[in-house]
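Visitor: Hi, I've just opened this one and don't know my way around yet. Can we go through it together?
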Amino acid sequence: MNRVLVEMDSKIAQFCTRASTEDKDIASYYLEVSENNLDVAVQNYLEDKSLATIVLEEHGEKSAEKSIESKSSITVLEWNIQGLLEDYLNERTMSVINEIKNRKPDVVFLQEVIPETAQLIRQKCIGYDAHLPRNASQYYAMMLTLNSSLRVEKKNTVAFKNTQQGRNVVVVEAKQGDVPVVLLCSHLESMRPATMERVQQLVQVSDLMLNYSSEALVVFGADTNLRDHEYQQCMATNKGLAEKVVDVWEEIGKPQGCRYTWDLQENDNQIKDGKARLRFERVYTRSKSSSNSCLFRPKSIDLIGKHRLECGMFPSDHWGMLVTFSK
C-alpha cells in the first residue's frame with residue numbers, strides 16, 4: 001500500500017481513538033481541513049461537537065434521545081454551490097447556508113464543496129448531520145440530513161468504476177418514522193468529452209437504487225452534467241432502467257419554469273453573455289412499479305438561489321432545485 005495512504009489510515013485510526021468516534025468519514029474530513037495536523041483536527045472536532053450539544057440542550061433536545069415523528073412530506077434540496085470560484089466565496093456560501101436554515105429541507109445534496117466551505121456549512125447548519133465522502137479530494141459532494149426528521153442508520157462511499165476525476169457516491173440509509181429512506185448524492189463526471197463516463201455513472205447509481213426494499217424511499221440527487229441527448233441515449237440503451245428509475249422533473253410533468261438549472265441567459269456568475277441553458281441538477285427516484293410499497297412520490301419542484309447578492313453575484317452559477325415528496 002502507498003506510504004501516504006498508510007500514514008493517513010494511521011492518523012484516521014488515532015483520531016477515532018482520541019475523539020471517541022467510529023466515523024472514519026468525520027476523521028478524514030477534520031484531518032483534511034486541519035492540514036493533517038492530528039492535534040488540531042481532534043481539537044476542532046471536539047469544539048464543534050461541544051457547540052452542537054450546547055445548542056441542542058438549550059432547545060431542550062438531545063439528538064440521540066429524540067424520537068423521530070412520521071411526516072407526510074420530505075423535502076430535498078439539490079445544489080452545486082460553485083465552491084471552486086473564489087470570488088465572494090464567503091458571502092455566496094453564507095447565502096446558501098441561509099437558504100438551508102430558512103427553508104429547513106430534510107435532505108441537502110451539495111456539489112463543489114471545498115474544505116473551507118464544508119467547515120462553514122457544518123458550523124452554521126446546526127441541527128443537520130453532515131456526510132462527506134471517504135478520502136475526500138480537493139472538492140467533493142456533501143450531504144446534510146435534518147436530525148429531527150431522519151435517523152441515520154448507515155452511510156457509505158461508493159467509488160465510480162470509471163471515474164477520471166475522483167467522483168463517487170455518498171450513500172446514507174436512514175429512517176423517517178418507520179419508513180426506510182435511502183439517499184444518494186454525487187457529482188457526475190464534468191465537461192463535454194466525458195459523455196461516456198457520466199452515462200455509465202448514471203447506470204451504476206441506478207443499479208444501486210434498485211438494491212433496496214420496495215418499502216424504501218430512494219432518492220438520488222446530483223449535478224449530473226447530463227445533456228438531454230445523453231440522458232435519452234442512456235434510457236434508450238438501458239430500457240429496463242427507464243421503467244424502474246424516473247427523473248423527478250419528468251415525473252411531475254416537466255414544468256418549464258424549473259427546467260434549466262445552469263442557465264447562462266440568466267446567470268452570469270461563470271460566463272458573461274452566455275447562451276447555453278442546461279438541466280444539470282437532476283433528482284431521481286424509483287418508479288411506482290419498482291417501489292410499489294413506498295407511499296412517498298414526487299409532488300413539486302422549485303428553483304432557488306435566483307436572487308443577486310450585494311456583491312452583484314448569485315449564490316452559485318447553478319440554481320438550487322428544491323423537490324418535495326409527499327404521501
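Visitor: Let's jump right in: what do the buried residues of H5 pack against?

Guide: Keep in mind that this is a predicted model. In it, the buried residues of H5 pack against two helices, H2 (24-33) and H4 (89-103), and against strands S2 (107-113), S3 (128-131) and S4 (140-146).

Visitor: And which residues of H5 are the buried ones?

Guide: Helix H5 covers residues 115-124, and its buried residues are Pro-115, Thr-117, Ala-118, Leu-120, Ile-121 and Arg-122. Ile-121 turns up again in the largest nonpolar core.

Visitor: Oh, which residues of that core touch the most other members?

Guide: Ile-121 is one of them, along with Phe-15, Ile-100, Met-142 and Leu-144. The core has 37 residues. Its largest share, six residues, comes from H2.

Visitor: Is there a general reason for cores like that?

Guide: In soluble globular proteins, nonpolar side chains tend to be buried together.

Visitor: Back to Ile-100. What is it in contact with, leaving aside neighbours within four places in sequence?

Guide: Ile-100 is in contact with Leu-77, Pro-105, Val-108, Cys-125, Tyr-128 and Leu-144. Another core, of 29 residues, lies apart from the largest one, and its members include Ala-141, Met-143, Ala-174 and Cys-294.

Visitor: Zooming out now, how many helices and strands does the protein chain have?

Guide: The protein chain has nine helices and 14 strands. Its C-alpha trace spans about 50 × 45 × 45 Å along the principal axes.

Visitor: How does its radius of gyration fit a compact globule?

Guide: It agrees, because a compact globule with 327 residues would have a radius of gyration near 20 Å and this chain has 19 Å. As for burial, 54% of the residues count as buried.

Visitor: What about contacts between residues at least 6 apart in sequence: what share join residues at least 24 apart?

Guide: That's 71% of them in the protein chain.

Visitor: Different topic, the surface. How much does the chain expose?

Guide: About 15300 Å², and carbon and sulfur atoms supply 47% of that.

Visitor: And the charges, how far apart are the mean positions of the positive and negative ones?

Guide: They are 5 Å apart, with 40 positive and 46 negative charges in the protein chain.

Visitor: Last one: where does Ser-10 lie?

Guide: Ser-10 is in helix H1, residues 3-19. With a relative accessible area of 34%, Ser-10 is partly exposed. Its C-alpha atom is separated by 33 Å from that of Asp-223, which is 213 residues away along the chain.

Key. Residues are numbered from 1 along each chain as its sequence is written. This is a predicted model: local features need pLDDT of at least 70, side-chain atom pairs count only at pLDDT 80 or more; totals for chains, interfaces and linings use all residues. Side-chain values use heavy atoms; hydrogens and water are left out. Buried means under 20% relative accessible area, exposed over 50%, partly exposed in between (1.4 Å probe, protein chains only). Helices (H or I, at least four residues) and strands (E, at least two) are DSSP runs, numbered from the N terminus. Contact means heavy atoms within 4.5 Å. A nonpolar core is a set of buried Ala, Val, Leu, Ile, Met, Phe, Trp, Tyr and Cys residues joined through side-chain atoms within 4.5 Å. The radius of gyration is taken over C-alpha atoms; the globule rule is 2.2 Å times the number of residues to the power 0.38. Accessible areas come from the Shrake-Rupley method with a 1.4 Å probe; for residues, only the protein chains shown count as cover. Lys and Arg count as positive and Asp and Glu as negative; His and the chain ends are not counted. The place of a charge is taken as NZ of Lys, CZ of Arg, CG of Asp or CD of Glu.
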